[in-house]
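Reader: Please take a close look at one part of this model, the place where the chains meet, and then follow it into the helices behind it.

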Amino acid sequence: MQATKPISSVLVIGSGPIVIGQAAEFDYAGTQALRALREEGIRSILVNSNPATIMTDEDVADVVYIEPLTLDVLRRVIIRERPDGLLPTLGGQTGLNLAVELAEAGILDRYGVRLLGTPLDAIRRAEDRELFKQLLIDIGEPVVESAIVRSLTEAREFARTVPLPLIVRPAYTLGGTGGGIATTPEELDRIVAAGLAASPIHQVLLERSLLGWKEIEYEVMRDASDTCITICNMENLDPMGVHTGDSIVVAPSQTLTDRDYQMLRSAALRIIRALGIEGGCNVQFALDPKSSQYYVIEVNPRVSRSSALASKATGYPIARVAAKIAVGRRLDELMNSVTRQTKAAFEPALDYCVVKIPRWPFDKFRHADRTIGTQMKATGEVMAIDRSFEAALQKAVRSLETDQKDLGWEDPAWGDAAVLEDHIRRPNDLRLWAMTAALRRGWSPERVSELSGVDPWFTRKLARLVAIERRLAEEELTPNLIWTAKRAGFADARIAALAGVPVAEVTARRREAGIHPVYKMVDTCAAEFEAATPYFYSTYSRRPRRTSTARMRRRTRPSRCRARRRWWSAPGRSASGKGSSSTTAACTPRPR
Amino acid sequence: MPELFASRGALVLEDGRIFGGEPFGAEVDAEGEAVFTTSMVGYQEIATDPSFYGQIVCLTYPLIGNYGVNADDDQSRRPWAAGLVVREYCDEPSHWRATGTLAAYLRKHGIPALHSVDTRALTRHIRRHGAMRALIVSDRAGRSDEELVERARRAWSPGDQDVVTMVTTTERYAVEGTGPHVVVLDCGLKAEIVASLARRGARVTVVPASTPAADILALAPDGVLTSPGPGDPVHNAPAVETVRQLVAAELPFLGVCLGHQLLALAIGARTGKLKFGHRGGNHPVKDLRTGVVRITSQNHGYHVLADSVPVDAGWRVSQVSLNDGTVEGLEHASLPISSIQYHPEGAPGPLDSQDIFDQFLDRAARYRQQSGALTTRVGGVRE
């Protein structure tokens with residue numbers, strides 16, 4: 001289904017330099033998309049100023065320009081290459097902003113370049129705060145009290161009608177640069193001034209603070225025939241007030257009932273339909289923890305940082321499918337590349353829990369302010385998958401490779417209860433450890449939740465981990481206790497430290513007790529269909545017993561075979577990176 | 001290999017497989033058919049959906065119990081599932097609507113449940129070998145595996161007999177409204193279906209599944225909805241006859257899930273059993289006329305056989321499953337009669353198909369206008 005003339009060549013705007021808020025995830029998305037275009041027989045022309053990316057490798061795009069991402073360069077590339085279409089939704093905010101500039105300068109029209117994926121109007125309506133607000137009002141979605149201000153005077157005026165704290169968000173910036181939460185008139189002046197300076201159009205948004213509300217995101221997709229699907233929803237462990245990029249995130253949501261889940265899902269679909277996006281879109285909501293009230297917080301009319309997470313969390317290749325939709329394919333004709341028997345028009349069903357933890361660079365900037373808020377500070381993130389939240393969380397913590405090697409880490413200053421309380425109340429990179437430390441000191445999960453705004457569901461899970469820590473320290477290390485600890489994600493080394501025995505002995509006892517990791521597949525469908533994908537996670541699982549009446553069939557247990565996977569090779573085969581697939585290929589655990 | 005972690009409970013399958021687990025519901029044994037659902041939320045709605053009557057439900061999403069239970073999300077007067085099987089059970093729920101834990105709720109209703117089961121291995125087993133007879137054992141102490149497997153082989157399964165009679169309402173009841181009058185034939189109704197109709201202003205009368213067509217027509221409905229329900233539709237001969245007479249009356253009719261299968265049987269089509277069914281909230285269904293795909297909530301083990309649909313009589317397959325091509329909707333070329341295999345009411349599941357209710361009530365409203373005009377002409381036979 002292709003409108004006007006068929007697309008045979010496409011210009012893709014890369015994501016440029018790696019900066020906070022726009023890191024390697026866009027390289028991942030862009031690479032996946034370029035490969036998808038090649039599969040469709042489309043000539044791809046890539047412009048990216050950053051040569052240290054996979055997408056600029058020789059075999060990814062057909063033509064690569066390593067040039068600055070400016071209007072003039074793109075104009076000259078368009079004149080020279082005369083592409084049929086421009087795909088701006090994969091390069092993050094940079095690509096989207098440039099597409100708007102190209103369209104407004106009349107360059108796209110002059111050279112007959114079609115804007116693919118997201119209509120210009122949708123970009124404007126999603127990015128311009130006032131238009132966005134109007135859109136939400138038009139489709140009956142709730143809008144939080146807010147105002148666009150262009151000066152300090154306007155900001156002070158708004159603060160007279162809506163009580164502080166107010167959230168300050170500059171328009172068209174990366175990762176919320178120049179934003180913050182103003183709790184005093186002085187802070188308001190300071191943050192607004194910085195925000196106005198950071199915004200290319202000198203606008204900042206002031207809005208009523210929803211501090212303490214749950215922050216929930218949905219990744220949705222739509223094709224030209226108006227088929228809409230949700231890829232994944234995600235719940236931020238940190239409540240509203242912390243930038244999503246700086247939040248610990250779980251997928252899928254853990255504390256939502258079906259009603260909550262469907263209410264927000266339906267709203268996300270109404271929004272992508274109203275914007276007319278053909279491709280992927282990310283919708284962020286604030287949900288009152290004490291009622292069904294919600295607000296739409298933000299819409300990214302493009303493949304976003306969260307799309308990369310959702311893609312890896314579900315196995316659904318969002319960028320690949322978005323690229324194909326952009327050139328006219330439909331969700332119901334594209335195959336699900338993981339199951340290879342069902343279609344791309346479906347919603348992934350997860351049978352595991354995913355935890356993402358941001359990675360902050362404070363180990364390199366020792367004197368930086370470790371407080372986190374609406375301006376993103378993380379320079380990376382880790383993601384872990386397991387069958388329980390506890391295990392996924394502990395795996396993720398270990399993967400951070402920071403000084404905080406596991407959840408047992410504590411700052412000596414936390415001996416002072418006031419300092420500890422401050423580290424729980426004020427969002428900062430060590431809050432997870434501070435909350436665990438407080439629980440270790442006997443604070444109730446409810447109190448920790450009260451201080452942090454983190455839902456008690458999460459703090460109770462931390463309390464459960466603390467209880468297992470205690471058992472490991474006090475009880476005899478029986479097979480049953482090892483089993484409990486392994487299922488909750490305790491590493492052998494941590495068990496050893498807590499139980500006061502050498503690591504080798506814990507490992508030996510564990511093996512003797514027959515406790516080994518098993519590998520489960522990230523198959524997008526919770527095992528409903530047979531799948532073929534080299535994407536696995538490890539977990540500790542009890543093996544079913546077979547009776548004498550059942551047929552015996554022995555399987556090799558992949559106990560020594562570690563399915564190491566690099567970020568780049570997941571999900572699916574479509575985005576495997578340099579040398580990473582071979583690690584997997586050399587070691588193919590049996591799917592379980 | 002010696003068994004290192006003897007679990008207290010177990011799910012025993014008729015083919016001899018035993019999956020160990022720890023009991024958290026009522027401490028009883030229960031027989032039924034082992035099935036799985038891939039819905040990631042909505043365990044309370046699932047437990048109280050009468051279509052799960054007699055089934056031991058494996059929830060593939062591993063974290064269950066997180067938001068507890070509440071009075072509003074019940075889909076019927078009690079939970080009907082024979083048992084629940086989960087990976088991780090959370091006994092400390094967190095939600096502003098929660099009034100209790102899932103475990104306490106199941107115990108109150110005498111329903112056994114197991115946690116710590118390798119639900120993915122179980123799901124893969126059911127996928128490969130099909131839904132099967134099973135036995136959920138809360139405490140297997142003192143009983144040999146052989147003995148348990150033998151019991152599982154002889155286990156009762158909801159496909160064996162008419163089970164609609166077990167779940168249907170015993171008495172007729174009504175929900176007032178100013179819109180068209182809809183009679184709902186309750187074969188295992190979910191509350192959300194009545195709520196969906198009532199929200200649109202319909203006057204709803206719910207009648208037991210055994211109500212004859214004459215009695216339904218005597219209520220002067222503007223439309224009839226035949227509800228979802230449990231079991232194999234071939235055991236519901238009286239209900240099929242009722243539907244046949246309603247179809248002959250040519251009034252607006254909507255069959256949902258089991259109701260869709262009853263319509264199929266009533267018009268002379270046939271039904272069959274799916275290997276492991278469609279259960280979950282992510283099933284894509286394609287509308288063959290518009291080409292639009294909707295994500296639907298599904299819960300069925302039987303389906304209508306496409307090649308048996310009487311095309312000559314004006315019937316056609318209107319929608320199909322994008323996953324396996326099975327029939328998801330039927331409609332008549334000229335009569336206001338249609339049916340869908342999926343659940344437009346969600347609960348749990350997506351609400352993408354709410355327009356099904358709109359279309360049905362539009363037809364019912366038109367029918368009311370027409371029949372109103374007609375009765376005026378013939379002298380007010382209709383009350």
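Author: What follows describes the interface, then some helix contacts and a salt bridge within one chain.

The model is predicted. In the interface, 74 residues of chain A are in contact with 67 residues of chain B. Together the two chains bury about 6,100 Å² between them, and 48% of that area is on carbon and sulfur atoms.

Polar and charged pairs also cross this boundary. Between chain A and chain B there are 26 residue pairs in polar contact, with both residues at pLDDT 80 or more. The count of salt bridges between chain A and chain B is 8. A salt bridge joins the side chains of A:Lys520 and B:Asp118, at 2.7 Å from N to O.

Which elements of chain A each supply at least two residues of the side that touches chain B? They are strand 11 (228-236), helix 9 (258-275), helix 16 (456-474), helix 17 (479-487), strand 17 (517-521) and strand 19 (545-546). Helix 9 of chain A gives the most, with 8 residues. By class, the side of chain A that touches chain B has 30 nonpolar, 18 polar and 26 charged residues.

Helix 16 of chain A also has a contact inside its own chain. Its axis comes within 7 Å of the axis of helix 18 (residues 492-499) of chain A, and the two cross at roughly 55 degrees. An angle of that size makes helix 16 of chain A oblique to helix 18 of chain A. From helix 16, A:Glu469, A:Leu472 and A:Ala473 take part, meeting A:Arg494, A:Ile495, A:Leu498 and A:Ala499 of helix 18. This contact is made up of 5 nonpolar, no polar and 2 charged residues.

Another helix pair in chain A can be set out in the same terms. Helix 13 (residues 417-425) and helix 15 (residues 445-452) of chain A pack at an angle of about 65 degrees, and their axes are 7 Å apart. Here A:Glu421, A:Ile424 and A:Arg425 of helix 13 meet A:Arg447, A:Val448, A:Leu451 and A:Ser452 of helix 15. The contact of helix 13 with helix 15 in chain A has 3 nonpolar, 1 polar and 3 charged residues.

Over all chains, the count comes to 70 salt bridges. One of them links the side chains of A:Glu104 and A:Arg124, at 3.3 Å from N to O. A:Glu104 lies in helix 3 (residues 92-104) of chain A and A:Arg124 in helix 5 (residues 120-127) of chain A, so this pair ties together parts that are 20 residues apart in sequence.

Definitions and conventions
Residues numbered from 1 in each chain as written. Chains lettered and ligands numbered in written order. Heavy atoms only, no water. Contact = heavy atoms within 4.5 Å. Buried area = accessible area lost by both parts, 1.4 Å probe. Salt bridge = Lys/Arg side-chain N within 4 Å of Asp/Glu carboxyl O. Polar contact = N/O pair within 3.5 Å; in protein donor to acceptor, adjacent residues only side chain to side chain. Helix = DSSP H or I, 4+ residues; strand = E, 2+ residues; numbered from the N terminus. Nonpolar A, V, L, I, M, F, W, Y, C, P; charged D, E, K, R; others polar. Axes fitted to C-alpha atoms, helices over the stretch in contact; angles between N-to-C directions. Parallel < 35°, antiparallel > 145°, perpendicular 65-115°, else oblique.
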